[in-house]
Amino acid sequence: MVRGLYTAWTGMANEQKRLDVISNNLANSATVGYKKEGVTSQSFDEQLAIKIKDKSEPNGERIIGSMSLGVKVGEVYTDYTGGSLRETENTFDLAIDGEGFFQVAVTNRNGETNLRYTRAGGFHMTSDGYVVNSEGNHLQGESGDVLVPTDAGEILVDVDGSIYADGEYVDRILLHDFEDYDYLKKYGDVMYEPVDGAVEKDATGLIRQGFTEQSNVNVISEMVNLIAITRAYEANQKVIQSVDQTLDNAVNSVGRV
């Protein structure tokens with residue numbers, strides 16, 4: 001019975017983690033460039049059960065099979081499926097049509113700068129001509145930080161990332177891609193950093209100026225999953241209540257006889 005309590009508790013803990021992930025997906029359903037997350041579940045290693053100290057058995061012991069002691073979170077993964085493109089007509093809104101990531105330079109509180117990768121292309125130009133995202137991180141091109149003339153009348157970005165200011169070539173935005181996205185670690189909500197083992201490859205995506213890539217979260221699907229998780233959580237609660245009531249009867253009723 002105590003094992004039943006523990007097994008039901010692991011089920012509740014697992015559903016709570018799934019609920020947290022889905023809640024985060026729903027909260028970022030309108031976040032530009034956000035990639036939804038998912039959770040896999042797996043059972044604990046099975047344990048061999050042996051019947052012991054039973055006088056009905058000739059040898060006193062008998063293998064009666066194996067059992068699982070509950071469920072646990074297998075992994076939290078990211079779905080890198082592309083989101084839909086929404087036209088904004090803003091000069092520095094950029095979307096990737098296909099595979100690849102923008103590269104941005106992120107400076108932490110200690111003044112250390114690291115390169116991160118993102119699909120969120122909502123950029124703008126600073127007063128001194130640098131192209132940055134909403135957090136002030138600089139977009140990277142062939143020459144490093146992308147810098148455009150502040151007095152240019154028209155800024156055009158070609159599908160290959162080439163930037164033209166009033167018809168004059170300025171720089172080229174470089175897209176980056178990786179052979180295996182399992183070697184990318186999430187940094188914040190929409191940025192990623194490679195870990196040991198990540199192998200970079202040529203990006204095949206095209207840059208669309210005046211568009212942003214929307215989140216790939218399907219709100220209806222996430223709500224359906226949310227209902228299923230709630231029901232599974234409640235089912236495990238009822239198991240705990242039933243086992244608790246049985247233990248209460250065993251101690252307070254049977255024990256008095």
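In this predicted model, D160 is partly exposed, because its relative accessibility of 37% falls between the 20% limit for buried residues and the 50% limit for exposed ones. D160 belongs to the loop that runs between β13 (155–157) and β14 (162–165). Along the chain, D160 and L174 are 14 residues apart, and their C-alpha atoms are separated by 8.2 Å.

The loop between β14 and β15 (168–172) contains D166. With a relative accessibility of 47%, D166 also counts as partly exposed. The backbone at D166 has a positive phi of about 50°, although D166 is not a glycine.

A positive phi is found at E89 too, where the angle is about 65° and the residue is again not a glycine. E89 is placed in the loop between β5 (85–87) and β6 (94–97). The relative accessibility of E89 is 66%, so E89 counts as exposed, the cut-off for that class being over 50%. In sequence, 120 residues separate E89 from Q209, while in space the two are 7.6 Å apart, C-alpha to C-alpha.

G129 provides a buried loop position: its relative accessible area is 0%, and buried means under 20%. The loop in question lies between β9 (124–125) and β10 (131–132). From the C-alpha atom of G129 to that of A152 the separation is 10.0 Å, with their positions 23 residues apart along the chain.

The interior was examined for enclosed space. A search of the whole structure finds one cavity of 30 Å³ or more. The largest cavity holds about 40 Å³ of space. Its lining is made up of F92, L94, V131, L139, V146, V148, I155, V157, I163 and I173. By class, the lining of the largest cavity has ten nonpolar residues, no polar residues and no charged residues. Some of these lining residues fall within strands already named. V131 is one of the lining residues, and residues 131–132 form β10. I155 and V157 are also in the lining, and the strand β13 covers residues 155–157. I163 is likewise part of the lining, and β14 spans residues 162–165. L94 is another member of the lining, and β6 comprises residues 94–97.

The two helices α1 (residues 2–27) and α2 (residues 219–252) have axes that come within 9 Å of each other and cross at roughly 160°. The helix α1 is therefore roughly antiparallel to α2, since angles over 145 degrees are assigned to that class. The crossing of α1 and α2 is left-handed. In the contact of α1 with α2 there are 17 nonpolar, seven polar and four charged residues.

I227 is a residue of helix α2. Its relative accessibility is 45%, so I227 counts as partly exposed. I227 and L19 are 208 residues apart in sequence, whereas their C-alpha atoms are 9.8 Å apart in space. L19 falls within the range of helix α1, residues 2–27.

Key:
Residues numbered from 1 in each chain as written. Predicted model: local features only at pLDDT ≥ 70, side-chain atom pairs only at ≥ 80, totals over all residues. Heavy atoms only, no water. 1 Å grid on protein atoms, 1.4 Å probe; cavity = no way out; pocket = protein on both sides within 12 Å on 5 of 7 lines; lining within 4 Å. Points joined across faces, edges and corners; volume = space filled by probe spheres on them. Nonpolar A, V, L, I, M, F, W, Y, C, P; charged D, E, K, R; others polar. Axes fitted to C-alpha atoms, helices over the stretch in contact; angles between N-to-C directions. Helix = DSSP H or I, 4+ residues; strand = E, 2+ residues; numbered from the N terminus. Parallel < 35°, antiparallel > 145°, perpendicular 65-115°, else oblique. Left-handed = near helix turned anticlockwise from the far one by under 90°. Buried < 20%, exposed > 50% of the residue type's maximum accessible area, 1.4 Å probe, protein only.
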